[in-house]
Amino acid sequence: MNNKNDLELLIPKSIDYSKNDHECAYIPGRRTRMNYKQVEVVSKTFATAVVQRGWRRYGRSFVYPVCFGCIECKSLRINVTNYKYSKSHRKAINRNEETKIVIQEPTITQAHIDLYNKYHAYKDERDGWDHQDISRQEYYENFVDGAHDFGKELLYFIDDKLVCIDLIDILDDGISSVYCYYDPDYPRFSLGTYSLLYEIKLAEMLGLEWVYLGYWVEGCKAFKYKENFQPMEILEGYPRIFEKPEWKPWIPSTQA
C-alpha cells in the first residue's frame, strides 16, 4: 500500500469508541469490553485486513475485545485447501442431500425474525443463554445494514420450509462466518454443522483459502464445536492494521 487511495482503503473514515465493561458471556466472573469502529463506507480490502487481524463485523461496526487482564479470546480459521472431512461430516452432508440452499444479499422478513427468536429461546432453555426476542430494527442493524457488496446470507430450506440462515462475508482470501441460526426441530440434519461445511465447500468453489470462524475460548462450551474442523490456524491478539498477523497451525489439546 503505497498511494493515498490504497491507504484510504485501510483507514476509512470511522467513529471509534469502546463500550463500558459488562459481564463476559464466555468466562464466569470476568468482565469484558469491546472496541468498536463504525464505518459508513467499507471496502472489501479493509474488511479482509481487519478480519485477518481478529476483528468481527456486526452491521456497520467492526469489533474486537480489549478486556482488562484477560486475553482468552483467540481467533480461528479453517484451511480450506487441505480440509479433511470426517466420517460424521460426510454423514451430515448426505443427510442434507435434498436441502435447498439460496445465496443472496441479507434481507429481513418475519420468517427471519421468527426463526431467530425460536433458535435463541431454545438455546436459552438448553444452554442457559440470556435471551430476549429481537426486534426488526435490531435485526436490521446487526445483520442487514453494513453488508455492502461482500455480505451474504445463505438460506436453507427443507421441504420448502426455511430452517437455517447463515450470514457470511465473502472476502479477498476467505469467507468470514458472521452468524448462523437454525430451527431446533430438525436435529437429524445437523444444520449448524452442515452450514459450516457448506461454507468450506463454497470457499473452495470460489478459490478462497480460509474460513474465518471468529473467537474460541478454551473450556467454553459454546465454542467447542469449532474444534472439530481441521486443519485449523489460531491467532493470538489483535495486530494493528499495518502489523503482520501471525497465524499458527492449531490442534486442540483434546486431539493432540
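Strands here are DSSP runs of E, at least two residues each, numbered from the N terminus. The model in every view is predicted.

**View 1. Strands 7 and 12 at the largest cavity.** Strand 7 (74-79) and strand 12 (210-216) each give at least two residues to the lining of the largest cavity. The count is 1 cavity of 30 Å³ or more. The largest cavity holds about 40 Å³ of space. Its lining takes in Val-51, Gly-54, Trp-55 and Arg-56. Ser-75, Leu-76, Tyr-212, Gly-214 and Trp-247 complete the lining. By class, these residues split into 5 nonpolar, 3 polar and 1 charged.

**View 2. Helix 2 and the glycine that follows.** Helix 2 spans residues 44-52. Six names to pick out here are Phe-46, Ala-47, Thr-48, Ala-49, Val-50 and Val-51, and each is buried. Val-51 also lines the largest cavity. Gly-54 comes just after helix 2 and has a positive phi of about 90°. Gly-54 is another lining residue of the largest cavity.

**View 3. Lys-74 in strand 7.** Lys-74 is part of strand 7. Is this lysine buried or exposed? Lys-74 counts as buried because its relative accessibility is 14%, and the cut-off for buried is under 20%. Its side chain comes to 3.1 Å from the backbone oxygen of Ile-71. Setting aside neighbours within four places in sequence, Lys-74 contacts Gly-214, Tyr-215 and Trp-216. Under that same exclusion, Ile-234, Leu-235 and Glu-236 are also in contact with Lys-74. Gly-214 is again a residue of the largest cavity's lining.

**View 4. Strand 4 between its two partners.** Strand 4 covers residues 34-39, and 5 of its 6 residues are buried. Strand 1 (residues 14-18) runs antiparallel to strand 4, with 5 bridges joining them. Strand 6 (residues 61-65) also pairs with strand 4 in the antiparallel sense, over 5 bridges. Lys-37 can be followed through both pairings. Lys-37 of strand 4 is the bridge partner of Asp-16. In strand 6, Lys-37 has Phe-62 as its bridge partner. In a regular strand, side chains alternate between the two faces of the sheet.

**View 5. Asn-35 and its contacts.** Asn-35 sits in strand 4. Which side chain makes a polar contact with the side chain of Asn-35? The partner is Ser-18, at 2.2 Å. Not counting residues up to four places away in sequence, Asn-35 touches Tyr-17, Ser-18, Phe-62, Val-63, Tyr-64 and Val-66. Ser-176 is 141 residues from Asn-35 along the chain, and their C-alpha atoms are 19 Å apart.

**View 6. The second largest pocket.** This pocket has a volume of about 200 Å³. It is lined by 13 residues, and the closest to its centre are Lys-37, Trp-55, Pro-239, Arg-240 and Ile-241. The lining has 10 nonpolar, no polar and 3 charged residues. Two of these residues appear in earlier views. Lys-37 bridges to Phe-62, and Trp-55 lines the largest cavity.

**View 7. From Ser-190 through helix 6 to Glu-209.** Ser-190 lies in the loop between strand 11 (174-182) and helix 6. Ser-190 is not a glycine, yet it has a positive phi of about 45°. With a relative accessibility of 24%, Ser-190 counts as partly exposed. Helix 6 covers residues 191-205 and includes Gly-192. Gly-192 is partly exposed too, at a relative accessible area of 26%. From Gly-192 to Leu-154 the distance is 12 Å, C-alpha to C-alpha, across 38 residues of sequence. Glu-209 is in the loop between helix 6 and strand 12. Its relative accessibility is 39%, so Glu-209 is partly exposed. Leaving out residues up to four places away in sequence, Glu-209 touches Ile-78, Asn-79, Val-80, Thr-81 and Asp-173. The C-alpha atoms of Glu-209 and Asn-228 are 18 Å apart, with the two residues 19 apart along the chain.

**View 8. Backbone geometry in two loops.** Where is Asp-159? Asp-159 is in the loop between strand 9 (151-158) and strand 10 (161-170). Asp-159 takes a positive phi of about 50° although it is not a glycine. Asp-159 is exposed, at 76% relative accessible area. The other loop, between strand 12 and strand 13 (232-235), contains Pro-231. Gln-230 and Pro-231 are joined by a cis peptide bond, with omega about 5°.

Methods. Residues are numbered from 1 along each chain as its sequence is written. This is a predicted model: local features need pLDDT of at least 70, side-chain atom pairs count only at pLDDT 80 or more; totals for chains, interfaces and linings use all residues. Side-chain values use heavy atoms; hydrogens and water are left out. On a 1 Å grid over the protein atoms alone, a cavity is a set of points where a 1.4 Å probe fits but cannot get out, and a pocket is an open set with protein on both sides within 12 Å along at least five of seven lines; lining residues have an atom within 4 Å of a point. Grid points are joined across faces, edges and corners, and a volume is the space filled by probe spheres set on the points. Helices (H or I, at least four residues) and strands (E, at least two) are DSSP runs, numbered from the N terminus. Ala, Val, Leu, Ile, Met, Phe, Trp, Tyr, Cys and Pro count as nonpolar, Asp, Glu, Lys and Arg as charged, and the others, Gly among them, as polar. Buried means under 20% relative accessible area, exposed over 50%, partly exposed in between (1.4 Å probe, protein chains only). Two strands pair if DSSP finds at least two bridges between them. A polar contact is a pair of N or O atoms within 3.5 Å; within protein, one must be able to donate a hydrogen and the other to accept it, and residues adjacent in sequence count only if both atoms are side-chain atoms. Contact means heavy atoms within 4.5 Å.
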